[in-house]
Amino acid sequence: MAEPEIPGRFLEGYAHILAEVAETGRRLTRDELETRRALGREAAEAGHQLRALVNRHLSATRTAWPHAVAGASAADAVLGAVEQAVDAFAEGFERAQRLTVRREEAARREFIDDLLYGRSDMGRLAERASRFGLRLSRAHAVAVAAGPEAYTESDAVPRSVESAMLARFSGRKILLTTKDGRLVCIAPGSQPDVLRYFAKQAHAATDGHQVAVGRPHRGPGGVVHSYDEALEALDLASRMELDDPVLYAADLLVYPVLTRDRQAMADLVRSELGPLREARGGAEPLLRTLSVYFDAGCVAAETARRLSLSVRALTYRLERIHQLTGSDPSDPMHRYALQTAVIGARLLDWPAKEL
């Protein structure tokens, strides 16, 4: 896109200053420097490029040179004046740019907060989204990556992930940001490859921490819905001790279903697992044994290996569970209720919390 023509007003008084300096050898006055700064700010706000503006100053210097300079000392004075004038002009320009960047960052952060918290009028939110490359009338999905520390957008980890994403998907309508110390990527629901790649990059950049991906949902409220699903997936992974590097909310729907009736699940946990409290050492060791046993497909040898036990010691624990609860983990008739209760215990953080 061609650079817009630079109006002559941004060099107003410049040739006159050079002529006076060539004649008197003086330096620029405080008022003249402030005028140059003000013109620099105006040029930045008008959207001109600093490189083009400096070129105009140099061109104006060359045009004025034969009339302004008559000797080596005068030439030195004029070059000093050019340096002062261009430096002041660039200072004003850069100040205006920094202010613009801060305003843009504030507007972007406000938009992201409103988008991920579901605040603001949805119609207005959709209008603001187009400024950041999102079309909220379409379905979007959100991926969230936790890390060993809280991140801001200026930290090295988010910047490295963003660089990798932009290098691969420079033409895609995606939004990368941080929220509550986590990395967040918002992408069209029709482009799952974007979030898969984000998950790969974020997992590596955060030293192997988990990434969760919400389901695609349509409309302004769809983004916050997908974001909440990704957060819930990370929380579930922590409570259920899921170690998958990438968690998909669509694969974890059974857990919200199980806890939809919280009271019924609490009753099941108390009924099936409550007697484990009577064991020496409390319920936690036997609950852990059941959890690993079910994760290992109810294979005793594999369960014993994962728990660093002998098969004989594992068998004793399973028999003790049978004695206390009346349910045999190896019996298919009892297994479903026990396994559901174990999942419920993890979801409800039992026995650490009373039900």
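At 18% relative accessibility, Glu32 falls under the 20% cut-off and so counts as buried. Its partner in this predicted model is Arg26: the two form a salt bridge, with the closest N and O atoms 2.8 Å apart. Arg26 has a relative accessibility of 23%, so this residue counts as partly exposed. The pair therefore joins a buried residue to a partly exposed one.

A second salt bridge ties Asp113 to Lys179, and here the closest N and O atoms are 2.4 Å apart. This one links distant parts of the chain, since Asp113 sits in helix α4 (residues 72-117) and Lys179 in strand β2 (residues 175-179), 66 residues apart. Both Asp113 and Lys179 are buried.

Things look more local in helix α10 (residues 262-273), home to both Arg270 and Asp267. These two are 3 residues apart, about one turn of the helix, and their side chains meet in a salt bridge of 2.4 Å, N to O. With 35% relative accessibility, Arg270 counts as partly exposed, and Asp267, at 38%, counts as partly exposed too.

Salt bridges can also join up into a network, as they do for Glu34, Arg37, Arg41, Glu91 and Arg95. Altogether, the count for the model comes to 18 salt bridges.

Then there are charges outside such pairs. Arg135, Arg138, Lys173 and Arg218 form a positive surface patch. One of them, Arg135, is found in the loop between α5 (122-131) and β1 (139-145). Residues in a patch have no salt bridge, so this group of four stands apart from the pairs described above.

Terms used. Residues numbered from 1 in each chain as written. Predicted model: local features only at pLDDT ≥ 70, side-chain atom pairs only at ≥ 80, totals over all residues. Heavy atoms only, no water. Patch = residues over 30% accessible without salt bridge, like charges linked within 9 Å, V, L, I, M, F, W, Y side chains within 5 Å. Areas by Shrake-Rupley, 256 points an atom, 1.4 Å probe, with all protein chains shown as cover. Lys, Arg positive; Asp, Glu negative; His and termini not counted. Charge placed at Lys NZ, Arg CZ, Asp CG, Glu CD. Helix = DSSP H or I, 4+ residues; strand = E, 2+ residues; numbered from the N terminus. Buried < 20%, exposed > 50% of the residue type's maximum accessible area, 1.4 Å probe, protein only.
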